[in-house]
Amino acid sequence: GTPNLGAPVPDDRNRIHRTGGNPIITSHFTADPAALVHNERVYLYTGHDVAPDNDSSYRMHDWLCFSSTNMVDWEEHGSPLSVKDFSWAKADAWASQVIQRDGKFYWYVSVEHSERGKAIGVAVSDSPIGPFKDARGSALVSNDMTKATDIGWDDIDPTVWIDDDGQAYLFWGNQKCYWAKLKRSMTELDGEIHVIADDQVREFTEAPWIHKRGATYYLSYATGFPEKLSYSTADKITGPWTPRGRLAEGAQNSNTIHQAIITFQGNDYLFYHSGMNQHPNVGGSYRRTVCLDLLHYNDDGTMKRVIQTTE
Ligand code: FUB
């Protein structure tokens with residue numbers, strides 16, 4: 001008979017694919033997607049893997065920006081921000097996110113601090129495609145290396161959220177999920193750093209991402225290693241959070257998966273990265289590539305599991 005190509009499969013998984021095909025970016029190896037909807041356009045901010053094929057370490061010096069009006073065609077906006085733009089940082093353009101407030105765009109990034117391990121910085125621009133410049137001249141979040149209890153690698157993977165009352169929040173972390181309020185300026189923490197209890201974000205590895213649907217807050221994150229995606233929900237941005245299980249299995253050929261979730265023109269989308277090949281180039285855990293699939297909700301507000309599409 002005739003193969004029933006493209007028909008939805010009758011289970012709770014998302015296999016319908018109307019995004020132009022994975023990977024969505026083939027001009028560079030890209031990782032750690034973050035997406036922003038602004039003026040009917042989706043801005044995609046990514047890390048930039050430049051490790052040679054035989055290298056087993058992250059080689060990441062700058063971030064890239066792309067945009068699309070249809071989720072199929074992606075325009076390149078080059079590299080609007082680099083580790084070099086932070087005088088106090090020395091390496092590792094790791095995961096990031098951009099948010100708009102009061103006509104400005106704030107780009108929160110993970111970097112290696114010159115003296116204090118992994119740290120979070122923030123850059124600012126009048127435009128979503130830059131140019132961006134360091135908004136502080138110092139780290140927004142970093143370790144105090146004089147304290148024996150400080151962990152050198154946990155201040156990574158910022159995600160930022162502005163709640164309905166205008167209060168902004170920063171979530172981040174590795175192994176532990178932290179959050180703090182941000183001042184209206186968006187460039188200073190406001191008050192103490194909180195740690196989400198382990199049983200509220202089970203097996204949390206890294207890569208928190210906040211989104212809201214209706215009255216429900218969703219905190220998605222990478223779990224285990226090699227990473228899968230899981231999520232928790234809450235009635236308030238400050239928690240408590242209830243684990244809701246798996247959002248996606250691991251990404252093809254990559255230890256990490258780092259996701260971002262947006263709604264655009266009535267559809268919900270999951271961005272993540274995989275290690276799939278970009279013919280003729282070989283992909284992998286240090287040569288990743290941003291992918292995109294549709295995301296669907298069940299009637300009770302839980303998210304259907306997303307299966308990576310590979311073509
Ligand atoms: O890309 C470097 C690091 O790997 C990110 O900060 C993590 O989320 C993981 O993807």
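**Close-up views of a predicted model**

**Figure 1. The sulfur of cysteine 291 lies 18 Å from the closest cysteine sulfur, which belongs to cysteine 65, and this is too far for a bond.** The model shown here and in the other views is predicted. A disulfide is a covalent bond that links the sulfur atoms of two cysteines. For a pair to be counted, the two sulfur atoms must be within 2.5 Å. Cysteine 291 and cysteine 65 are therefore not joined, as their sulfurs are 18 Å apart. By this rule the structure has zero disulfides. Cysteine 291 has a relative accessible area of 0%, so this residue counts as buried. Cysteine 177 is also buried, because its relative accessibility is 1%. The cut-off for buried is under 20% relative accessible area.

**Figure 2. The ligand sits among eleven listed neighbours, including Asp32, Ala95 and His258.** Others around the ligand are Tyr58, Met60, Trp94, Asp157, Glu206, Thr256, His273 and Arg288. Sorted by class, this shell holds four nonpolar, three polar and four charged residues. Which residue has a side-chain N or O atom 2.5 Å from a ligand oxygen? That residue is aspartate 32. In histidine 258, a side-chain N or O atom is 2.7 Å from an oxygen atom of the ligand. Alanine 95 takes part through its backbone: one of its polar backbone atoms is 3.3 Å from a ligand oxygen. Taken alone, the ligand exposes 280 Å², and the protein buries 99% of that area.

**Figure 3. Aspartate 157, a neighbour of the ligand, has a positive phi near 60 degrees.** Most residues other than glycine have a negative phi. Aspartate 157 is not a glycine, yet its phi is positive. Its place is in the loop between strands β11 and β12, the latter covering residues 159-162. Is aspartate 157 buried or exposed? Its relative accessibility is 4%, so aspartate 157 counts as buried.

**Figure 4. Methionine 186 also has a positive phi, of about 70 degrees, without being a glycine.** This residue belongs to the loop between β14 (178-182) and β15 (189-195). Methionine 186 counts as buried because its relative accessible area is 0%.

**Figure 5. Two prolines, proline 131 and proline 280, follow cis peptide bonds.** Most peptide bonds are trans. The bond from glycine 130 to proline 131 is cis, with omega near 5 degrees. Where is proline 131 placed? Proline 131 is in the loop between β10 (117-125) and β11 (133-134). The other cis bond shown joins histidine 279 and proline 280, with omega about 5 degrees. Proline 280 is in the loop between β21 (267-274) and β22 (289-295).

**Figure 6. The side chain of histidine 113 reaches the backbone nitrogen of glutamate 115.** The distance of this contact is 3.0 Å. Histidine 113 is part of strand β9, made of residues 104-113. Its relative accessible area is 7%, so histidine 113 is buried.

**Figure 7. Serine 127 is found in the loop between β10 and β11.** Its relative accessible area is 22%, which means that serine 127 counts as partly exposed. Tyrosine 106 is 21 residues from serine 127 along the chain. The C-alpha atoms of serine 127 and tyrosine 106 are separated by 9.7 Å.

**Figure 8. Phenylalanine 171 is in strand β13, which covers residues 168-172.** With a relative accessible area of 0%, phenylalanine 171 is buried. How far apart are the C-alpha atoms of phenylalanine 171 and aspartate 293? The separation is 24 Å, for two residues that are 122 residues apart along the chain.

**Figure 9. The chain that frames the close-up views has zero helices and 23 strands.** Along its principal axes, the C-alpha trace spans about 70 × 45 × 40 Å. Of the 311 residues, 56% count as buried. The radius of gyration of the chain is 18 Å, which agrees with a compact globule, because a globule of 311 residues would have a value near 19 Å.

Notes. Residues numbered from 1 in each chain as written. Predicted model: local features only at pLDDT ≥ 70, side-chain atom pairs only at ≥ 80, totals over all residues. Heavy atoms only, no water. Near = heavy atom within 4 Å. Polar contact = N/O pair within 3.5 Å; in protein donor to acceptor, adjacent residues only side chain to side chain. Areas by Shrake-Rupley, 256 points an atom, 1.4 Å probe, with all protein chains shown as cover. Nonpolar A, V, L, I, M, F, W, Y, C, P; charged D, E, K, R; others polar. Buried < 20%, exposed > 50% of the residue type's maximum accessible area, 1.4 Å probe, protein only. Helix = DSSP H or I, 4+ residues; strand = E, 2+ residues; numbered from the N terminus. Rg over C-alpha atoms; globule rule 2.2 N^0.38 Å.
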